[in-house]
Amino acid sequence: MGDLFDASAKHYDRISAMMSFGTDKSYRRRVLREAGLAPGMRMLDVACGTGMIASPARDIVGPSGQVIGLDPSAGMLGEALHRGRVDIAAQGLAEHLPFPDDTFDFLTMGFALRHVADLRTTFDEYRRVLKPGGKALVLEITRPDSPLSYHLFKFHLKTVVPWVTRLTTFSRPAQSLMDYHWDTVAYCVPAATILETLKQTGFAAVDRRVQVGIFNEYSAVK
Ligand SMILES: C[S@@+](CC[C@H](N)C(=O)[O-])C[C@H]1O[C@@H](n2cnc3c(N)ncnc32)[C@H](O)[C@@H]1O
């Protein structure tokens with residue numbers, strides 16, 4: 001999938017806006033504020049993509065803070081840097097973070113937990129690089145419970161989004177990425193497993209908020 005992320009990077013923001021009916025930017029900004037991101041903090045955005053979380057984070061932490069974006073995709077990191085959304089871009093994986101212990105006040109991961117190979121290794125790494133008292137915030141989508149919402153959501157992600165992506169970007173890789181998107185959402189680890197693994201990793205104040213039955217915000221404190 002790495003090649004697909006690289007090849008789709010320049011279309012990613014447009015696709016994200018289409019998938020979320022234009023709510024993607026305001027949602028990320030509001031969630032960061034509500035989770036306690038504040039001026040002066042040093043933040044790591046894991047799986048930063050084009051920097052759609054890093055961008056509002058940069059505004060919130062201000063000139064005395066710092067936002068570092070990490071992603072395995074050079075194409076995505078290039079977009080994040082080109083748009084000035086991260087102070088530093090680092091190529092790497094969530095499961096093996098290239099940072100010393102106790103480095104960050106705040107750590108985010110948006111819509112990428114379904115891509116990690118090992119949840120426990122990933123959360124061990126998050127806890128290691130956070131300072132004592134530092135917070136992890138993981139945003140992820142889950143399938144809606146009600147059958148009607150489930151079928152509407154599936155039709156939107158599996159049928160509408162890939163075709164509108166192809167028609168608006170003329171990009172085969174971007175369409176392929178969106179073809180896979182539903183599968184990654186459909187088979188994402190259940191919420192109970194995510195919460196339990198955060199606790200087993202040694203995080204405190206483990207919490208989950210759900211918005212419109214789809215958007216999950218998992219938070220935990222070191
Ligand atoms: C759907 S995009 C999310 C981008 C951004 N966080 C956002 O909120 O829009 C998923 C990103 O996860 C990255 N990714 C995939 N596997 C990863 C891993 N094991 N560790 C870190 N990032 C990963 C991809 O390269 C891609 O940029």
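Two residues are in contact here if their C-beta atoms, placed from the backbone, lie within 7 Å. With that in hand, welcome to a short tour of this predicted model.

**View 1. Helix α4 lies across two strands, β1 and β2.** The helix covers residues 54-61, while β1 spans 42-46 and β2 spans 66-71. Relative to β2, α4 runs at about 165 degrees.

**View 2. Seven strands form an open sheet with mixed pairing.** Follow the strands across in the order β3-β2-β1-β4-β5-β7-β6. At the edges are β3 (88-91) and β6 (204-211), and each of these pairs on one side only. Neighbouring strands of the sheet are turned by 15 degrees against each other on average, with direction ignored. As a reminder, the strands of a sheet pair through backbone hydrogen bonds, either parallel or antiparallel.

**View 3. Strands β6 and β7 pair in the antiparallel sense.** Here β7 takes in residues 215-221, and 6 bridges join this strand to β6. One pair to look for is Val-210 with its bridge partner in β7, Asn-216.

**View 4. Helix α6 has a buried face.** Spanning residues 119-129, this helix has buried residues at Thr-122, Phe-123, Glu-125, Tyr-126 and Val-129. Seen down the axis of α6, the buried residues fall within an arc of 155 degrees, so they line one face of the helix. An α-helix has 3.6 residues a turn, so residues three or four places apart point the same way. The cover over the buried residues of α6 includes the strands β1, β4 (104-110) and β5 (130-141), together with helix α9 (191-200).

**View 5. Ala-38 sits in the loop between α3 and β1.** The loop follows α3, which covers residues 24-34. Ala-38 counts as partly exposed because it has 13 C-beta neighbours inside 10 Å, where 20 or more would make a residue buried and 12 or fewer exposed. Look also for Asp-105: its C-alpha atom is separated from that of Ala-38 by 9.6 Å, although the two residues are 67 apart along the chain.

**View 6. Stepping back, the protein chain holds 9 helices and 7 strands.** Its radius of gyration is 17 Å, close to the 17 Å that the globule rule gives for 222 residues, so the chain is as compact as a globular protein of that length. Along the principal axes, the C-alpha trace spans about 45 × 40 × 30 Å. Of the 222 residues, 38% count as buried. Among contacts between residues at least 6 apart in sequence, 67% join residues at least 24 apart.

Key. Residues are numbered from 1 along each chain as its sequence is written. This is a predicted model: local features need pLDDT of at least 70, side-chain atom pairs count only at pLDDT 80 or more; totals for chains, interfaces and linings use all residues. Two strands pair if DSSP finds at least two bridges between them. Helices (H or I, at least four residues) and strands (E, at least two) are DSSP runs, numbered from the N terminus. Axes are lines fitted to C-alpha atoms, for helices over the stretch in contact, and angles run from 0 to 180 degrees between N-to-C directions. The arc is that of the directions from the helix axis to the C-beta atoms. The radius of gyration is taken over C-alpha atoms; the globule rule is 2.2 Å times the number of residues to the power 0.38.
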